[in-house]
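Let's find out what stands behind some of the words people use for a protein fold. Have a look at the structure, and then we can go through them together.

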Amino acid sequence: MSIVGHSFLSSNDISVEDINKIFTRASLFKREYESKGRIDHLVNQGSLGQKVITLIFSEPSTRTRTSFQMAALRLGLRVVSLDNMAVSSMKKGETIADTLRNVAAMWPDIIVARFNDDIESYDVVKNSKIPVINAGIGTHEHPTQALLDAFTILDSRGQIEGEKVLIVGDVLHSRVANSNLILLRKLGAEIAYCAPIEFQPKNDDWADVRQFPDRDEAVKWASVIMGLRIQKERHMGAAGSIALTVAAYRDKYRIGGDQLNHFQQDGILLHPGPVNRGVEFSNYVLSDSRCKVLNQVTNGVFVRASLLSFTLGLEVKEA
Ligand code: CP
């Protein structure tokens with residue numbers, strides 16, 4: 001089934017055919033923006049009509065929220081953003097689930113939503129008649145990040161099929177890792193991870209994924225290294241906080257200059273951001289030409305513009 005007119009809550013929701021169409025359109029948007037400084041002229045204004053998207057972010061965000069706004073405005077869409085929960089009625093005790101229900105009742109054309117793990121809210125977005133794009137839900141998934149990561153691999157490496165993608169870090173708490181595992185495997189990449197025991201994934205999707213105990217062996221295997229942020233805010237569980245110190249993590253899992261010496265010359269490094277500088281990647285790695293972190297951010301605007309136009313069924317001049 002195509003995602004046109006439908007929600008995009010998981011990497012499982014999208015077909016390879018739709019991914020390829022979204023990537024083709026994202027490339028067109030990026031090229032057109034680079035040459036003409038605009039993309040709105042590619043969109044049939046009749047199909048654009050008065051379409052309005054709403055952003056509901058009850059968790060902090062820099063990249064995802066801003067790039068969805070940028071993408072929408074570049075297309076010529078109107079945007080209503082509810083991203084400061086201190087001035088929303090959540091301040092008066094309304095739940096995020098009821099906030100989502102009420103915004104949906106205003107009939108926007110798309111809702112882009114980020115919120116923490118919450119079964120009731122997930123039920124609301126799953127059953128929403130208005131298409132909802134998951135902009136990062138708790139530790140569940142972040143499928144648009146996976147889309148822009150895959151696009152960046154394609155852009156930098158010329159292919160996704162056969163790529164060896166090593167995910168390093170806090171896999172257990174990472175919605176980005178979950179979405180990338182599903183999406184990149186669908187596109188033919190091989191996935192492995194390297195993580196301390198405290199951050200190893202527990203859900204069934206990861207059961208057959210190769211695990212490297214040794215960082216240097218893992219780096220030698222990979223063509224793509226994807227670092228993940230250590231998500232301190234999710235470490236305080238029922239069993240108390242995670243005891244692993246930053247120094248202990250860095251010692252065995254940080255990617256630094258020594259690791260780059262073993263990494264292939266045309267390999268690439270990705271990180272969804274925000275990066276804890278010096279913890280997941282050293283400053284040296286962040287300034288290496290193989291590090292594509294800011295390319296990911298740029299690509300995020302065009303991939304999200306493509307996804308929004310595709311989901312809304314906008315008519316786009318493809319050449
Ligand atoms: N990659 C990502 O989701 O970044 P933000 O939290 O800044 O949106």
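Q: What makes β1 and β2 a pair of strands?
A: Two strands pair if DSSP finds at least two bridges between them. Strand β1 (residues 52-57) and strand β2 (residues 78-82) share five bridges, in the parallel sense, so they pass. One example is I56, whose bridge partner in β2 is L82. This is a predicted model: local features need pLDDT of at least 70, side-chain atom pairs count only at pLDDT 80 or more, and totals for chains, interfaces and linings use all residues. Residues are numbered from 1 along each chain as its sequence is written, and side-chain values use heavy atoms, without hydrogens and water.

Q: Why is β1 called mostly covered?
A: Five of its six residues are buried, and buried means under 20% relative accessible area (exposed is over 50%, partly exposed in between; 1.4 Å probe, protein chains only).

Q: How do you know that the span of α3 is close to the expected one?
A: The expected span is 1.5 Å times one less than the number of residues. Helix α3 (residues 63-75) has 13 residues, with 18 Å expected, and reaches 18 Å from its first C-alpha to its last.

Q: What makes the buried residues of α3 line one face?
A: These residues are T64, S67, F68, A71, A72 and L75. Seen down the helix axis, they fall within an arc of 135 degrees (taken from the directions from the axis to the C-beta atoms), so they line one face.

Q: Which residues of α3 are in contact (heavy atoms within 4.5 Å) with L308?
A: Leaving aside neighbours within four places in sequence, the contacts of L308 include F68, A71, A72 and L75.

Technical notes
Helix = DSSP H or I, 4+ residues; strand = E, 2+ residues; numbered from the N terminus. Contact = heavy atoms within 4.5 Å.
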